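Q: I am new to this structure. Please take a close look at one strand, its partners and its setting.

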Amino acid sequence: MGLKPESDDTMAGNPVIGLLGGGQLGRMLCEAANPLGIDIAILDDKNAPAKQAHNTHRHVTGSFKDPLKIRDLAARSDYLSVEIEHVDTEVLEDIEENGVEVELADGSTVTHRPPIHPSWKTIRLIQDKYLQKEHFRASEKEIPIADQIAVESGDATLDSFKEAAEKFGFPFMLKARKGSYDGRGNFKIASEDDFEPAIQALGKLPLYAEKWATFVKELAVMVIRTEDDEGNLRNCVAYPAVETVHEDSVCTKVYMPPRKIAESICEEARELACAVVSTLWGRGVFAVEMFVLEDDSLVVNEVAPRPHNSGHYTIEAVPYMSQFKAQIHAVLDLAIPDKLTPRVPSSIMLNILGGATPNSHHQLARLARTTYSDDMDVYLHLYGKESKPGRKIGHITLTGFASVEELEELAKPFIKLVDEMRE
Ligand code: ATP
Ligand code: MG
Ligand code: MG
C-alpha cells in the first residue's frame, strides 16, 4: 500500500515516472526531466547519484531488486521505467497484470496499474545475454550474432569448454549469462590452460561461450522505440552510429561520427539497430552494440533497454532530444522527431574512470573546467559518486565544429590524461 500519484498533477500534464535504479543514468534522466516539469521517483539507496540531482517526496529507499519496494514505487508513480536491466521482472509482470492496491485520502482503496516501459518481457529477455541473442537469431529480421553455445553447470562445464574450443577454436569468449556490466562477467579463453582459472572466476554462474570476434571497430546505435498502448509498434528512430572504444572490456571513449569507416556501414548499422529493437516490446530508448568485422560485415553484440554510455554525447550534440529526454518522451508517449540529426558535426565523449587514488580524476576535471576554445566546447559531467579504481564516476563531452579528426587533434590533452589515468 503506498502513496498515490497526485491525479491532479497528472491532469495538469505533470506525470510521475517511477525509476528502478538511481545511478548516473537516472541522474541524467532527472536532469532532463527537471526543466520539463516531470517528477522522477527513484528507487535506490538514500544518497544515490540521481537523488542528489532531483528532490521529491516520492523517492523510495531500497533495492531495485526488492519486490516490496518496487510495489511501493509503483503505487507512487504514473509510469514505471528502468535505468538498469538487472531488476526483478516477476514483480513487474505481476504489477502489469494485477496492479497495486493504493489507499485514497478517504480510506478506500483502488487498484493502480502504472504502464511499464520498456516491457518487463524485454527486460527479462535482455537480462540473459544468451537468450537475448538466440531471440535475435530466431527473429525474421536476419540479425547477425556471434556463434554461441550454452555452457553446462557443475561437472559438465569442462565438457562444454572443450565443445566450445572445438567449435570456435581459441581464443573464445566465456560470458556470464546474467548480471554482468563493464565486461565484469567476461573471460577470454586463449588455451586449455585458461579452463581452470575461468572456472575459478565464473564457475558458479550460468555461462555461455561465444566465438571470438576479430573486429576492426565497435559501433553503437541508440534507438527510440514507440508503440501504442495496445503494444503495436509505431516507430523505431535511430540516432547516428557512434564508434565505441573499449579498453579491458570497459568503454573509455565514444566518437561521433566513427573514424575511418564508410558512411554506408554506419547507415547499415542504424538500419540493423532498428531491426533489432523492432523485435522487442514496449517504449523507450535502447542501445545496440555491434562489431564491424574485417569484411565490413556487422555482428550484434548485445542490447541495453535504457539510456547508455554510448549515447551521452546526445546531451550536447542532439540537445533538442537527448537520449534522456527521449526516454521520457517515449515512456509518456510524447512527440518523437522522425530524424535525429546532431547540431554539431563531431563529438568525442571520454569516460572518467576512478584512478589508483581517490583524487586521480581531479586533474582531468580541472582541465575540463579551465579549457576554453573557439573550436571546441567542453562539457564536464561528474556523477556524485565516490571514486574507486575503474569505476565510472563522470564523463567529458567535447563537441567540435569541423571533422572528428580535427576534434581529436584538439582533444589531445584530454585523451592523454584519460590514457595516463588507466596506466
Ligand atoms: P556492458 O557494460 O556493455 O554491458 P558487458 O559486461 O555486458 O558490458 P560485453 O558487451 O559482452 O560485456 O563485452 C564487453 C566488451 O568485450 C565488448 O564491447 C568487446 O570489446 C569485448 N568483447 C565482447 N564479446 C567479444 C567477443 N565475442 N569477441 C571479442 N571481443 C569481445
Ligand atoms: Mg552488457
Ligand atoms: Mg556491452
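A: The answer starts with the whole chain and then turns to strand S4.

This is a predicted model, in which local features need pLDDT of at least 70 and side-chain atom pairs count only at pLDDT 80 or more, while totals for chains, interfaces and linings use all residues. Residues are numbered from 1 along each chain as its sequence is written, and chains are lettered from A and ligands numbered from 1 in the order in which they are written.

The protein has 15 helices and 19 strands (DSSP runs numbered from the N terminus: H or I of at least four residues, E of at least two). Its radius of gyration is 22 Å, close to the 22 Å that the globule rule gives for 423 residues, so the protein is as compact as a globular protein of that length (C-alpha atoms; the rule is 2.2 Å times the number of residues to the power 0.38). The C-alpha trace spans about 70 × 60 × 45 Å along its principal axes. Of the 423 residues, 44% count as buried (20 or more other C-beta atoms within 10 Å of the residue's own, placed from the backbone).

Now the sheet. Four strands form an open sheet in the order S3-S2-S1-S4, with parallel pairing (at least two DSSP bridges between two strands). S4 is an edge strand, and so is S3 (60-61); each pairs on one side only.

The partner of S4 is S1, residues 16-20. The two run in the parallel sense, joined over 4 bridges. Two opposite positions help to trace the pairing. Gly-18 faces Leu-80 in S4. Leu-20 stands opposite Val-82 in S4.

A helix packs here too. H12, residues 323-332, lies on the sheet and touches both S1 and S4 (contact: C-beta atoms within 7 Å). The direction of H12 makes about 140° with that of S4 (N-to-C directions of lines fitted to C-alpha atoms, on a scale from 0 to 180 degrees).

What about the two faces of S4? In a regular strand the side chains alternate between the two faces of the sheet. S4 covers residues 79-82. On one side sit Tyr-79 and Ser-81, both buried. On the other side sit Leu-80 and Val-82, and these are buried as well. Both faces of S4 are therefore covered, although S4 is an edge strand that pairs on one side only.

Last, a wider view of the contacts. In the protein, residues 24 or more positions apart account for 66% of the contacts with a separation of 6 or more.

Technical notes. A residue is buried if 20 or more other C-beta atoms lie within 10 Å of its own, exposed if 12 or fewer, and partly exposed in between; C-beta atoms are placed from the backbone. Two residues are in contact if their C-beta atoms, placed from the backbone, lie within 7 Å.
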